[in-house]
Amino acid sequence: MECISISFRSAPEEIRKRFAFPAGEAGINERETFLKEAGEAVLLSTCNRTEVYAAGEGSFERLERLLAEKSGMEVTEVKRITRRFSGEKACAHLYRVTCGMDSMVVGEDEILGQVRTAYLFSSERGRCGYELNAVFQGALACAKKIKTETLLSKTSVSVATLACAEIFRFEKLRSREADGAHTDKGELQVLLIGGSGKMGGSVLKNLLGREGIHVYATRRSHSLGEREDGRLSIVDYRERYRFLECADVIVSATESPHYTITAGEAGECLKRSGPEKERLFIDIAIPADIDRQIASLPGCRVVGMDDFERLAEENNRKKQQAVRDAGALLEEEMEELYKSLLFHETAGELDQIRERFAGYSVERFLFYLKDRLDAASLKAVLQALKER
């Protein structure tokens, strides 16, 4: 197996967004077209990474060409920002990604579901043979085991919870300033664009779990239902700029291919509320929802996906022991995977081996070796049997 990866480790948000595939119905045709060209492969596209896992060897040139076409970049530029993994290193990379060990926020939960969805998308379309099925099923099983047997995903932190932590810091600073000025600024007003999506839903849940915050959540459909109370108001997406004027914090988490808030329209809207009001804009979408030029408007600060790498550092430091524990378990699981793949490779030559060892139970002997040898030793023995 081979893997080509473009992630937060190799490219900034502005570059990564050019490789992002839309989620949901909008992206199905685009993904299917890509996979037809990629061959036997799985495409993983999240807010922090686009990766392609292809069966066999010799796929890098083809995948680089496809990614160049997707992004509108030259192949030489794509090569500069990609990371390549082959064979056991590709398997190890997938396991680490699926277990949340390679995430911007170490131990985050969302990636497990994203890998499962990507795998099933390819599998249901006949794009996975034995190798991809074995590796992806092994990675998903390993991730579940690590989740239950280690502390890696305990007190899980995600981009959504980091976004809320940033909002709470803003609220705390705002309260201190109000106390110093002997004024009451009232509830923190949050405009949440995309509250019906998975990421937006997590933000909404976190915000409503804290007192002193009122949320205006936009919707394009009835997916948020008619839920509305004293601290939550459902507003039409087309009215977002009207609510921007009263908002202290603006969060956008949609799957839109274009900006949900632009600097030009925001500037005109904010003039009416006066330059003295401080506002925090948080963008947790890829491609970006919020025009970064908004940061040049008076009193406005913009926090985007790249900023969350810095915010995640403390969480990642705290989880280093859990990462070591998870790494040990991951190595055990991968040993079993490598041995299974070796057995599959040998299966096509069993008749030839049986002829050389007539009168002996070759299968029983091989399973005996599989149970007692590590992958490297088993590989050496199987190779010797083939060459004898």
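Helix H7 gives the most to the lining of the second largest cavity, with 3 residues. The model is predicted. A search of the whole structure turns up 3 cavities of 30 Å³ or more. Two of them are described here.

**The second largest cavity**

This cavity has a volume of about 80 Å³. Its lining includes Thr98, Cys99, Gly107, Glu108 and Asp109. Ile111, Leu112, Ala143, Ile146, Lys147 and Ser153 also line the second largest cavity. Two elements give two or more residues to this lining: H6 and helix H7, which spans 130–149. By class, the lining residues of the second largest cavity are 5 nonpolar, 3 polar and 3 charged.

**The largest cavity**

The largest cavity has a volume of about 170 Å³. It is lined by 14 residues. Cys47, Asn48, Glu108, Gln114 and Val159 are the closest to its centre. Here helix H6, residues 110–124, supplies the largest share of the lining, 3 residues. The lining of the largest cavity holds 6 nonpolar, 5 polar and 3 charged residues.

**Summary of the linings**

| Cavity | Nonpolar | Polar | Charged |
|---|---|---|---|
| Largest | 6 residues | 5 residues | 3 residues |
| Second largest | 5 residues | 3 residues | 3 residues |

**Shared elements**

Glu108 lines the largest cavity and also the second largest cavity. Helix H6 likewise gives residues to the lining of the largest cavity and to that of the second largest.

Conventions:
Residues numbered from 1 in each chain as written. Predicted model: local features only at pLDDT ≥ 70, side-chain atom pairs only at ≥ 80, totals over all residues. Heavy atoms only, no water. 1 Å grid on protein atoms, 1.4 Å probe; cavity = no way out; pocket = protein on both sides within 12 Å on 5 of 7 lines; lining within 4 Å. Points joined across faces, edges and corners; volume = space filled by probe spheres on them. Helix = DSSP H or I, 4+ residues; strand = E, 2+ residues; numbered from the N terminus. Nonpolar A, V, L, I, M, F, W, Y, C, P; charged D, E, K, R; others polar.
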